[in-house]
Structure formats: C-alpha cells, structure tokens
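Got the viewer open? Grab the selection tool and follow along, one stop at a time.

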Amino acid sequence: MSQHIRKLDSNVSERLKSQACTVSLASAVREIVQNSVDAHATTIDVMIDLPNLSFAVYDDGIGLTRSDLNILATQNYTSKIRKMNDLVTMKTYGYRGDALYSISNVSNLFVCSKKKDYNSAWMRKFPSKSVMLSENTILPIDPFWKICAWSRTKSGTVVIVEDMLYNLPVRRRILKEEPPFKTFNTIKADMLQILVMHPMISLNVQYTDKLRINTEVLFRSKNITEGLTKHQQMSQVLRNVFGAIIPPDMLKKVSLKFNEYQIEGIISKMPVRLKDLQFIYINGRRYADSAFQGYVDSLFQAQDFGEKGMSLLKTKSVGKPYRSHPVFILDVRCPQTIDDLLQDPAKKIVKPSHIRTIEPLIVKTIRSFLTFQGYLTPDKSDSSFEIVNCSQKTATLPDSRIQISKRNQVLNSKMKIARINSYIGKPVVNGCRINNSTINYEKIKNIRIDGQKSRLRNKLSSRPYDSGFTEDYDSIGKTITDFSISRSVLAKYEVINQVDKKFILIRCLDQSIHNCPLLVLVDQHACDERIRLEELFYSLLTEVVTGTFVARDLKDCCIEVDRTEADLFKHYQSEFKKWGIGYETIEGTMETSLLEIKTLPEMLTSKYNGDKDYLKMVLLQHAHDLKDFKKLPMDLSHFENYTSVDKLYWWKYSSCVPTVFHEILNSKACRSAVMFGDELTRQECIILISKLSRCHNPFECAHGRPSMVPIAELK
C-alpha cells in the first residue's frame with residue numbers, strides 16, 4: 001500500500017460516486033421516469049427484468065436531438081437550470097445532471113430518441129457516440145427489448161438499463177438477494193409520488209420472470225380525467241398503484257390554508273396493517289423525517305384509531321396484540337427554497353426550510369380530521385398540545401381532570417418500581433406548565449429532542465434479566481424512592497405462606513445485592529401463568545423442530561387481499577408453512593387477489609372458527625412483522641440432525657413465533673392458571689415458587705404484568 005496521498009483514478013472515483021447515487025434498481029427507475037415527466041411525457045411504460053437487474057422506460061416526451069444525445073449523461077450537464085437562482089422557480093425533478101451519469105457508470109446504458117417532425121431517430125450505446133436508427137440497424141441490446149419506429153409527427157425516448165452494478169459484484173449480489181416485493185413496493189411508492197403531482201399521466205409498470213417468458217402487470221394508472229377533484233384524483237391514483245387496499249368511500253378529504261401555505265390530501269377512516277402507506281409531500285418532494293412521521297402516526301394511536309373495527313370481529317383478542325395504521329396522502333404547498341432542493345440525492349426533503357410552520361399545520365390537519373371522525377372531542381382538539389414520547393411511539397392528551405393517586409406504585413416489564421407522590425394541577429413538561437395555546441414548532445422540536453434522549457437512555461439502561469433493574473421515574477417532578485430486584489431473589493429463598501388467597505410471601509436470603517434479607521410478595525396467578533406459558537412455548541417449539549406440528553386441512557376458505565398483500569404472502573409462503581399455515585395465492589383482477597387457505601394449525605383453527613376477517617388480520621400481522629424485522633424467520637436447518645429436545649432453549653426462538661400464537665398461548669396459560677381466591681397449602685406454594693425459579697423470565701406474567709414485588713427490607 002502506498003504511503004503517499006494521491007488522487008483516485010478517474011474510473012475508480014466514478015464507480016464510487018455512481019454507487020452512492022444509484023443504490024438500487026428502484027432508484028434508477030425513479031430517476032429515468034422523472035426524466036420522462038420532465039420531458040412532458042403523457043404516456044410512460046416501464047418493463048422490469050428484476051432477476052437480471054435490468055429495465056426499460058418508454059415515453060412519448062419531447063425527445064432529444066442528436067447533439068443533445070451525444071452530451072447526455074455527461075456529469076453536471078442539464079437542460080433544467082442555468083444558474084443557482086433558477087432553482088427557486090424550477091418545476092422539474094432533475095437539475096443536477098448526475099442521474100444518467102451515475103447510471104451509465106454502473107450499467108450498460110442505451111438511449112434511443114426522436115424529436116417531433118424530425119425525419120429520423122437517433123440511438124446511442126454508452127459511452128459510444130450516437131448513430132441514426134434505420135430498419136437495417138443492428139441494435140446493440142438484448143433482443144428481449146423492443147424498439148418501435150416513430151412516425152414523423154411523433155416523438156419520444158427509450159431508455160434501456162442492463163446489468164446494473166455489473167462492475168460492482170458485491171453490491172450486485174446484495175441487490176439480487178433483496179426480496180422482489182421490497183423492490184416493487186419501493187417502485188410503487190416512488191411512482192405514487194409522481195402520479196400525485198401528475199395524475200393525468202398514463203403510467204404502466206410491468207415485470208418479467210427469470211426466463212423472460214411470462215410478463216405480469218405491477219400496476220397501471222390511467223383514465224384519470226380533469227373532471228375529478230384533486231382529492232378524487234389522489235384516491236384513484238392510490239388505488240391504481242397499490243390496489244384495493246382500502247375502499248374509496250373510506251378516504252376522507254382534508255384541506256387547510258394559511259397565508260402562503262396550503263395542505264390538501266386524503267386520510268382513511270379505517271386502518272390497515274401496512275404502515276408504509278403514509279405519504280407527506282412538500283412541493284412535490286417527499287418529506288422523509290421519520291421522527292415526525294412516527295409522531296403523526298402516534299396521534300392516531302393515542303385515540304385508539306381502528307379499535308372500532310376490531311370490536312366488530314366475532315373473534316375477540318385480549319389487549320392490543322395487533323397493530324393498525326391510517327393511510328394518508330398530504331400534499332403541502334409552500335414557498336420553494338433552494339435549501340429544500342439540495343438536501344438529499346434522492347430529491348427528498350429531510351428538514352424543510354419552513355418547518356416551523358409546516359409541521360404545526362400538518363398536526364392541526366390531523367387533529368381536525370380526528371375531531372370530525374369523533375376520536376377527539378371539540379374541547380380536547382382545541383386544548384393544549386399533546387405530550388409525545390417519540391421513543392415509545394405514543395401520544396397522550398393532557399387532561400387536568402386526571403389525577404395521580406397518592407403513593408401509586410409503577411412497575412413495568414423490566415421490574416422498575418417507584419413510589420410516586422400525588423400531583424394535582426396543570427400538566428407539566430420539562431418543568432414548565434402547559435397552557436391552552438396554539439400549536440407551535442418549538443413544542444414539536446422539544447418533543448423530538450426529548451424522544452431522542454429517551455431512546456438513548458433506554459439503550460444505555462437496558463440490561464439482561466439476570467441483573468438488577470433500577471431506574472428513576474422523574475418526568476414531572478415527582479419524589480421517587482427506588483427499589484431493585486434481580487434473579488438472585490429466587491436463588492436462595494424461604495417460602496413463608498400464602499397471603500389473602502392471592503399472594504405468596506417469600507423471604508429472600510441472598511445478600512449479594514442487599515445488605516439484609518428482603519420480603520417479596522409473589523402474585524400466585526401471575527406466577528402459575530408464567531410457569532404454564534413457558535411450558536406451552538417449549539411444547540410448541542418442540543413440535544415445530546421435530547416436525548410433529550399438527551395442522552388441519554381446510555376447505556372453501558378464500559380471503560380477498562390486494563395485490564400488495566398478495567406479493568407479501570407469496571414471498572413468505574415457506575415461512576408460514578413452518579407454522580402449519582399452508583395457502584396458495586390466486587391471481588385475480590388488477591386490484592385484488594385471492595388467498596386460498598389450505599391448512600391451519602389445530603390451535604389457530606379453533607381460534608379462527610370461521611371468522612375470515614380475524615384470520616386475514618392475524619396472517620397479515622405476521623407477514624408485516626417479517627417484512628419489518630419485528631419477527632425473524634424460523635431457521636430449521638441446524639435442527640436437521642437434532643435428536644434431543646431436552647436442551648431446546650425456547651426463548652431463543654420466541655421472536656420467530658407469530659403474534660397470534662403468542663395471543664393463543666397467553667390466553668391458555670391465563671385460563672388454566674391458579675386464580676385469586678384459590679387456597680394453597682404451604683407445600684403447593686413451595687412447588688410453585690420452585691417452578692418459577694426455573695423459568696427464563698420469572699418477573700412477568702403472560703401479559704407483561706409483574707409477578708412479584710419487594711415490600712420490605714428485614715434489618
């Protein structure tokens with residue numbers, strides 16, 4: 001290795017720059033389609049060959065002259081702007097002159113174009129110069145791609161990108177291993193952004209299989225007329241791109257205007273399982289602040305948005321094991337600034353220049369919608385600003401009527417315990433009282449900062465169960481007395497007796513943490529529930545590992561899903577099979593497909609009991625959990641020669657178990673456990689505590705409530 005600093009070889013630097021700008025096939029498709037829109041195309045066709053990382057874009061835009069084609073894809077050459085101030089009034093997507101340059105450096109790029117009223121078309125295989133296209137011309141591209149001749153009065157451009165990242169083999173391999181549905185969903189989101197701003201464009205996206213024999217339509221957006229309102233166009237575009245994910249009559253129009261700022265959009269009156277259908281655009285560019293997006297979603301969650309639909313299901317669930325989210329598109333128009341355009345290579349906006357005005361207006365729009373739909377009462381919607389902890393993704397509404405009871409004990413799943421003195425009065429945030437005032441940016445900013453600090457605190461304070469848990473709870477000036485508890489409580493103990501037919505009193509003799517013995521009160525129901533739950537999980541995972549999982553055949557069980565959901569189920573079909581859930585996807589219309597359920601495990605069959613809405617909900621939940629890495633795939637490969645289950649550490653695989661199985665096992669453990677009021681002998685108490693001491697997580701019941709609490713130190 002050279003010890004001197006030298007300039008990188010031009011070929012090396014070009015590859016590195018191109019990899020940074022063109023990170024995926026989806027981003028390359030977005031850049032080319034945006035170029036077509038900038039060229040005033042009214043019809044755009046996209047063909048994707050995902051296995052070979054290739055695609056083609058056909059448009060009827062204004063086309064290119066021969067001279068322009070020869071300098072196309074030269075870095076920083078563009079027809080969009082001439083000087084920096086042009087950005088303020090710019091109406092196009094592109095302006096840097098970087099996209100085609102980057103793509104041409106990591107792929108085989110071919111462009112063919114014709115201007116209106118020109119006699120001939122010209123083509124160029126990069127980096128060569130352009131040549132005239134004629135009937136006898138041999139095209140330097142794969143025969144799969146078709147180039148049709150234009151008539152004299154027509155214009156248009158064809159861009160073909162083949163073998164993306166061919167000169168970056170590691171990055172190419174990673175890209176090819178990405179699940180197809182993720183690439184397609186990214187393309188859909190990018191195309192939706194274009195169609196929301198340009199709904200009259202006819203956009204058709206197709207893809208082919210590995211052998212290039214069969215071609216499928218990813219989506220097709222057309223037939224949107226000028227007679228439709230802006231909100232009707234948004235609703236139709238959403239349906240065209242993502243399918244029948246939500247009925248059109250369930251999308252509510254929202255609008256707000258304040259001086260030079262205007263918000264128009266649609267919000268769903270019913271939730272969906274997919275969180276990815278939440279879009280905020282600022283002057284046509286996507287707003288990509290994940291913290292603010294999470295906060296907006298939390299506004300809905302704080303009002304139990306979608307719980308009404310859950311109550312209509314015949315099959316009931318305990319607690320809230322299944323998540324749901326609103327669908328919304330918000331188009332924000334405001335004065336354009338240069339800073340907004342220079343923030344991200346993908347043309348997204350990370351921090352708008354007008355953030356102090358835009359974010360409060362968006363919040364006001366959401367709150368007005370929730371008020372109109374009955375989730376917020378008018379007096380609450382006009383009261384002080386919500387207190388949000390971004391790290392927990394929840395929002396709470398301050399209410400002076402809520403009083404904290406004196407010496408209330410607070411415990412959570414990590415066995416934190418505190419005594420909290422009573423506090424009556426107006427809500428306080430960071431030591432400052434909140435008055436009834438209008439929403440302002442500073443409050444949102446402080447909330448975001450507090451959320452970031454909270455996330456960092458949680459990471460620094462997280463510890464495994466075999467160590468003590470102590471954490472102060474000091475958010476609104478309460479006086480705290482701290483306790484701690486650890487597994488050592490159950491390492492050396494003495495059972496005293498049952499108390500009030502509800503609790504078991506034990507004395508902790510271990511003094512490694514405390515200088516004196518502890519008296520600990522154990523909830524007898526939570527104790528037995530935890531024991532039974534871990535036994536049920538062990539039994540379930542043993543059956544999965546040994547292949548003895550019992551599944552029941554089903555007949556005539558078909559569930560309607562949209563095309564996006566169908567793609568998700570196709571990808572995770574083998575993963576569902578491991579849990580006894582067998583199905584086939586049946587292609588339907590452009591908007592919907594059918595999921596034919598073939599088999600279900602015995603425990604889920606009993607729970608499902610013919611309720612298809614419930615079954616669809618729990619299956620979608622697991623599919624989205626897998627997609628979002630909230631659940632991990634169950635890897636059975638290292639169990640092929642597994643003969644003994646005595647050393648099966650079930651807790652290592654609990655993150656693989658579908659949420660619905662957690663719900664069923666929690667319910668079974670709860671119903672079969674010792675109840676309050678059941679009288680226990682001292683010997684039965686000893687047996688229970690002995691079993692609890694061998695549990696992996698003895699501190700929680702099946703539903704996350706604490707199973708024990710220290711009550712006194714014996715000094």
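Start by selecting residues 524-546, which make up helix α14. This helix lies across three strands, β20, β21 and β22, and runs at about 70° to β22 (518-523). Keep in mind as you click around that you are looking at a predicted model.

Now add residues 682-693, and you have helix α20. α20 lies across β20, β21, β22 and β27, running at about 125° to β20.

**The sheet under those helices**

Time to show the strands themselves. In what order do the four strands of this open sheet come? Reading across, you get β20-β21-β22-β27, with antiparallel pairing. Colour 493-499 for β20 and 708-713 for β27: these two stand at the edges, and each has a single partner strand, so one side of each is left without a neighbour in the sheet. Turn the view and look at how the strands sit relative to one another: neighbours are turned by 25° against each other on average, direction ignored.

Zoom in on β20 and then on β21, residues 503-508. Six bridges hold this pair together in the antiparallel sense. For one of them, select V499 and look across to F503 in β21, its bridge partner.

**Two helices that cross**

Next, select 563-571 for helix α15 and 612-627 for helix α18. They pack at an angle of about 70°, and their axes are 10 Å apart. That angle makes α15 roughly perpendicular to α18. The crossing of α15 over α18 is left-handed.

Which residues meet at this spot? Turn on side chains for E565, L568 and F569 in α15, then for K616, L619, L620, A623, H624 and K627 in α18.

**A strand under cover**

Jump back along the chain to residues 156-162, strand β6. Are its residues buried or exposed? Seven of the seven are buried. Here is a handy idea for the next step: in a regular strand, side chains alternate between the two faces of the sheet. Select G156, V158, I160 and E162 for one side of β6, then T157, V159 and V161 for the other, and you'll find both faces covered.

Now bring in the strands that pair with β6. Residues 54-59 are β2, which runs antiparallel to β6 and is joined to it by five bridges. V57 is a good residue to click here, as its bridge partner in β6 is V159. Then select 108-114 for β3, another antiparallel partner, this time with seven bridges to β6. Among the paired residues are N108 and, in β6, E162.

**An arginine out of sight**

Select R30, which you'll find in helix α2, residues 25-38. Why does R30 count as buried? Its relative accessible area is 8%, and buried means under 20%. To see what R30 touches beyond residues up to four places away in sequence, show D190, M191 and A346.

**Zoom out**

Finish with the whole chain in view. Its secondary structure comes to 20 helices and 27 strands. Of its 715 residues, 48% are buried. Switch to a surface display and you have about 35,400 Å² exposed, with carbon and sulfur atoms supplying 51% of that. Finally, consider contacts between residues at least 6 apart in sequence: 69% of them join residues at least 24 apart.

Definitions and conventions
Residues numbered from 1 in each chain as written. Predicted model: local features only at pLDDT ≥ 70, side-chain atom pairs only at ≥ 80, totals over all residues. Heavy atoms only, no water. Pairing = 2+ DSSP bridges. Axes fitted to C-alpha atoms, helices over the stretch in contact; angles between N-to-C directions. Contact = heavy atoms within 4.5 Å. Buried < 20%, exposed > 50% of the residue type's maximum accessible area, 1.4 Å probe, protein only. Areas by Shrake-Rupley, 256 points an atom, 1.4 Å probe, with all protein chains shown as cover. Parallel < 35°, antiparallel > 145°, perpendicular 65-115°, else oblique. Left-handed = near helix turned anticlockwise from the far one by under 90°.
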